[in-house]
Amino acid sequence: MEHKQLRPFPDGFLWGSASAAYQVEGAWNEDGKGPSVWDVFAKQPGRTFKGTNGDVAVDHYHRYKEDVALMAEMGLKAYRFSVAWSRVFPNGKGEVNEKGLQFYDNLINELLTHHIEPIITLYHWDVPQALMDEYGAWESRQIIDDFHDYAVTLFQRFGDRVKYWVTLNEQNIFITFGYRLGLHPPGVKDVKRMYEANHIANLANAKVIQAFRHYVPDGKIGPSFAYSPMYPYDCRPENVLAFENAEEFQNHWWMDVYAWGTYPQAAWNYLEQQGLAPTIEPGDMELLKAGKPDFMGVNYYQTKTIEYNPLNGVGEGIMNTTGKKGTSTESGVPGLFKTIRNPYLETTNWDWTIDPVGLHIGLRRIASRYGLPILITENGLGEFDKLEDGDIVNDDYRIDYLRHHIQEIQRAITDGVDVIGYCTWSFTDLLSWLNGYQKRYGFVYVNRDDESEKDLRRIKKKSFYWYKQVIASNGKEL
């Protein structure tokens with residue numbers, strides 16, 4: 001839709017930024033913290049870029065007051081962060097680690113002192129290694145109760161002060177990368193195991209949302225989905241059908257369960273025919289239906305363009321984790337769809353499409369299909385930032401990227417989409433999982449690289465001052 005005048009961003013809009021425990025905290029074995037799967041996995045040869053890991057990360061654990069002071073200087077309205085499960089329960093369950101809880105107490109209180117709304121993510125990929133060793137983590141239904149008990153501990157401890165909660169961060173990513181592509185823990189390539197683990201994660205998500213209603217009745221909770229809206233390459237019917245397949249398997253497969261507690265029928269039929277459908281036990285579907293969220297969390301980075309893929313067609317491709325532009329390849333599922341380059345869009349050095357209008361399209365699709373408010377829990381640009389003389393980082397490309405995405409959010413709001421807030425990824429630079437420290441996302445440059453922690457100095461980038469202005473004007477000055 002084209003509008004003569006755009007609606008202003010609503011009062012109380014959550015202008016925020018985000019992080020994840022493993023990517024920023026460091027202190028991986030301090031104050032009673034147990035190892036997570038990433039503490040182990042990242043140290044296996046060849047798993048990450050140049051063997052980088054989160055042992056120190058950007059040392060947020062020891063420098064959180066400095067980081068929150070920078071957030072306050074920026075005028076940030078919200079900060080989304082995750083709790084490291086194994087910092088609270090070193091063994092994943094059993095005895096609680098008071099020092100772990102105290103760290104998050106301190107962080108929350110520091111945020112509130114500066115009038116910054118804390119948004120807690122219960123799970124951002126770092127399941128305790130003890131649960132992986134004991135029963136295979138997400139492959140066992142035992143995790144449903146252990147995740148519930150962990151979540152309730154946090155609800156009871158922080159629910160008086162924290163009113164926005166995210167359950168699972170990017171379930172579609174940690175399940176697909178962990179159990180289909182073998183790129184994340186536990187490094188498995190087994191499609192049947194992937195769908196079984198995914199169903200168990202859905203049940204765990206729903207049970208935690210159910211519990212939340214009792215412990216934090218005045219709060220809001222939802223999952224955070226890594227959403228890539230799909231486009232058909234052209235109007236050839238077979239490409240449009242492939243696009244429908246991709247939407248069904250890549251998006252609806254997760255969001256339909258979150259919103260309605262049901263799996264999309266065409267995808268389910270296909271998995272049954274292939275012997276890949278997950279095991280449904282009595283009570284499962286009732287639990288899924290009882291776990292409806294208050295909002296759909298959306299992590300948006302790019303769209304994907306889809307083309308017909310025959311039964312003897314393209315399978316898994318190569319993912320660019322080095323920043324060498326053009327090194328990723330086409331990928332797909334034979335007989336369903338394949339992704340191809342969109343000739344109308346530019347890409348980042350990691351071959352991610354840059355598509356602000358795609359965010360607008362995605363917001364519209366979610367609002368139309370699910371009727372839920374939306375919290376944008378991640379959106380940002382990972383790039384090579386250069387520290388110039390005088391501690392200057394001119395990241396105009398990041399400002400341009402964020403500006404255009406914010407403009408499309410405002411257009412979606414004008415269309416009638418209920419958007420609660422916008423959390424950029426990320427506030428400070430951080431460890432980018434498989435991509436190391438060279439891929440920078442933050443408003444604050446952290447002086448370290450893939451080889452050395454250096455002095456970990458915090459340096460405000462040009463985008464820091466720009467976003468400060470955006471927040472102060474409630475999105476009027478872009």
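Student: What makes the pairing of the D395 and S463 side chains a polar contact?

Tutor: The two side chains meet at 2.6 Å. A polar contact is a pair of N or O atoms within 3.5 Å; within protein, one atom must be able to donate a hydrogen and the other to accept it, and residues adjacent in sequence count only if both atoms are side-chain atoms. The distance of 2.6 Å is within that limit, so the pair is called a polar contact. This is a predicted model, in which local features need pLDDT of at least 70 and side-chain atom pairs count only at pLDDT 80 or more, while totals for chains, interfaces and linings use all residues. Residues are numbered from 1 along each chain as its sequence is written, and side-chain values use heavy atoms, with hydrogens and water left out.

Student: How do you know whether D395 is buried or exposed?

Tutor: The relative accessibility of D395 is 0%. Buried means under 20% relative accessible area, exposed over 50%, and partly exposed in between, with a 1.4 Å probe and protein chains only. D395 therefore counts as buried.

Student: Where does D395 lie, and which residues does D395 touch?

Tutor: D395 belongs to the loop between strand 11 (374–378) and helix 14 (396–415). Helices (H or I, at least four residues) and strands (E, at least two) are DSSP runs, numbered from the N terminus. With residues up to four places away in sequence not counted, D395 touches D385, G442, K461, K462 and S463; contact here means heavy atoms within 4.5 Å.

Student: Why is the pair D385 and K461 called a salt bridge?

Tutor: A salt bridge is a side-chain nitrogen of Lys or Arg within 4 Å of a carboxyl oxygen of Asp or Glu. In this pair the N to O distance is 2.5 Å, so the criterion is met. The partners come from distant parts of the chain, 76 residues apart: D385 in the loop between strand 11 and helix 14, and K461 in the loop between strand 14 (458–460) and helix 15 (462–472). D385 has 10% relative accessibility and counts as buried, and K461 is buried at 0%.

Student: What makes D396 and K462 a salt bridge, and are these residues buried or partly exposed?

Tutor: Their closest N and O atoms are 2.7 Å apart, which satisfies the distance criterion and therefore makes the pair a salt bridge. The link joins D396 in helix 14 to K462 in helix 15, 66 residues apart. D396, at 38% relative accessibility, counts as partly exposed, and so does K462 at 37%.

Student: Which residues are linked with D385 and K461 in a network of salt bridges?

Tutor: D395, R398, D429 and R440 are linked with D385 and K461 in that network. The whole structure holds 38 salt bridges.

Student: How do you know that R157 and D105 are paired in a salt bridge, and how do they stand in accessibility?

Tutor: The N to O distance is 2.6 Å, so this pair also meets the criterion. R157 in helix 7 (residues 142–158) and D105 in helix 5 (residues 98–113) are 52 residues apart. R157 is partly exposed at 23%, whereas D105 is buried at 7%.

Student: What makes strand 3 and strand 4 a pair?

Tutor: Two strands pair if DSSP finds at least two bridges between them. Four bridges join strand 3 (residues 117–123) to strand 4 (residues 164–169), so the two strands count as paired; they run parallel. T121 stands opposite V166 in strand 4. Helix 7 packs on the sheet, touching strand 3, strand 4 and strand 5 (220–227), and its direction makes about 165 degrees with that of strand 3. Axes are lines fitted to C-alpha atoms, for helices over the stretch in contact, and angles run from 0 to 180 degrees between N-to-C directions.

Student: In which order do the strands of the closed barrel run?

Tutor: The eight strands run 1-2-3-4-5-7-11-12, with parallel pairing. From one strand to the next, the twist averages 30 degrees.

Student: How do you know that strand 9 and strand 10 are paired?

Tutor: Three bridges join strand 9 to strand 10 (residues 337–340) in the antiparallel sense; this satisfies the requirement, so they count as paired. One of the bridge partners in strand 10 is T339, opposite S331. Both strands belong to an open sheet of four strands in the order 6-8-10-9, with mixed pairing.
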